[in-house]
Amino acid sequence: MKRLKMSIAAILLLAVTYVNAQAGHNHSTMKMDNKKMDHSKMTIKSDAKAEAILSDYFNLKDALVNDDAKKAAQAGSKLIVSLKAFDRKTYKGMQQMELIEIIEDATEHAEHIVKSPIDHQREHFKTLSKDVTDLLAITGTANTLYEQFCPMYDKGSAWLSTSKEVKNPYYGSKMLKCGSVKKQIN
């Protein structure tokens, strides 16, 4: 039930963000008719603590891609530190409440990754990936990321990547290229 409420809130947040983005896009399109837009002065919303979480998440993903349970456990330990250091107080209302739940859940899964064999690490990575994706929906990122999807692992499983090239963390060397890019996240 907790996840359902969080999912509904995330969908509403995305819908509001989309509507606001469309309104802003229409406004900037009108301005562009009169003069050329300067992209060098544009800023993308980004949270340094969220970027640290992403960095640790990608190190964990890469360790799983390489079938390295020891490095995955080390990356999981670093991720726990980053998750606990995240300052949700800079966010307001519903976003802050959602972040509390996301961070709590992600920390629990990272803790399991630290002390588990690789098959169990991969099971927890699936939910951790969902948590990190939910976190990004709130915090944004300065990076271009790709949501990738493997239809074969546990009835379908997604993960985030910094590259369009598919390297499957759920199967590693057994089925490294299994999956596809589902969407680009900017």
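A disulfide is a pair of cysteine sulfur atoms within 2.5 Å. With that cut-off in hand, a convenient place to start is the pair of cysteines Cys-150 and Cys-178. In this predicted model, the sulfur of Cys-178 lies 3.4 Å from the closest cysteine sulfur, which belongs to Cys-150, and this is too far for a bond. A search of the whole structure accordingly finds zero disulfides, and Cys-150 is in none, its nearest cysteine sulfur being that of Cys-178. Both cysteines are nonetheless covered. A residue is called buried under 20% relative accessible area; Cys-150 counts as buried at 0% relative accessibility, and Cys-178 is buried too, with a relative accessible area of 15%.

Stepping back to the chain as a whole, the fold is built from five helices and three strands. Anyone reading along the sequence meets them in the pattern α-α-α-α-α-β-β-β. The chain has 186 residues, and buried residues make up 39% of them. Its accessible surface comes to about 11,000 Å², with 58% of that belonging to carbon and sulfur atoms. Contacts also reach across the sequence: among those between residues at least 6 apart, 66% join residues at least 24 apart.

What, then, does the interior look like? In soluble globular proteins, nonpolar side chains tend to be buried together. Here, the largest nonpolar core holds 38 residues, and the members that touch the most others are Tyr-57, Leu-60, Phe-86, Phe-125, Leu-128 and Leu-135. At least two core residues each come from helix H2 (48-65), helix H3 (69-85), helix H4 (93-114), helix H5 (118-139), strand E1 (145-150) and strand E2 (157-161). Helix H2 gives the largest share, eight residues. Leu-60 offers a closer view of this packing: leaving aside neighbours within four places in sequence, Leu-60 is in contact with Ala-72, Ala-75, Gly-76, Leu-79, Ile-113, Phe-125 and Leu-128.

Helix H5 deserves a look of its own. How does the span of H5 compare with what its 22 residues should give? At 1.5 Å a residue, H5 should span 32 Å, and the end C-alpha atoms are 29 Å apart, which agrees. The helix is not perfectly straight, however, since H5 bends by about 25 degrees at Lys-126. Just after H5 comes Gly-140, a residue with a positive phi, near 75 degrees.

Definitions and conventions
Residues are numbered from 1 along each chain as its sequence is written. This is a predicted model: local features need pLDDT of at least 70, side-chain atom pairs count only at pLDDT 80 or more; totals for chains, interfaces and linings use all residues. Side-chain values use heavy atoms; hydrogens and water are left out. Helices (H or I, at least four residues) and strands (E, at least two) are DSSP runs, numbered from the N terminus. Buried means under 20% relative accessible area, exposed over 50%, partly exposed in between (1.4 Å probe, protein chains only). Contact means heavy atoms within 4.5 Å. Accessible areas come from the Shrake-Rupley method with a 1.4 Å probe; for residues, only the protein chains shown count as cover. A nonpolar core is a set of buried Ala, Val, Leu, Ile, Met, Phe, Trp, Tyr and Cys residues joined through side-chain atoms within 4.5 Å. The expected span of a helix is 1.5 Å times one less than its number of residues. The bend at a residue is the angle between axes fitted to the seven residues ending there and the seven starting there.
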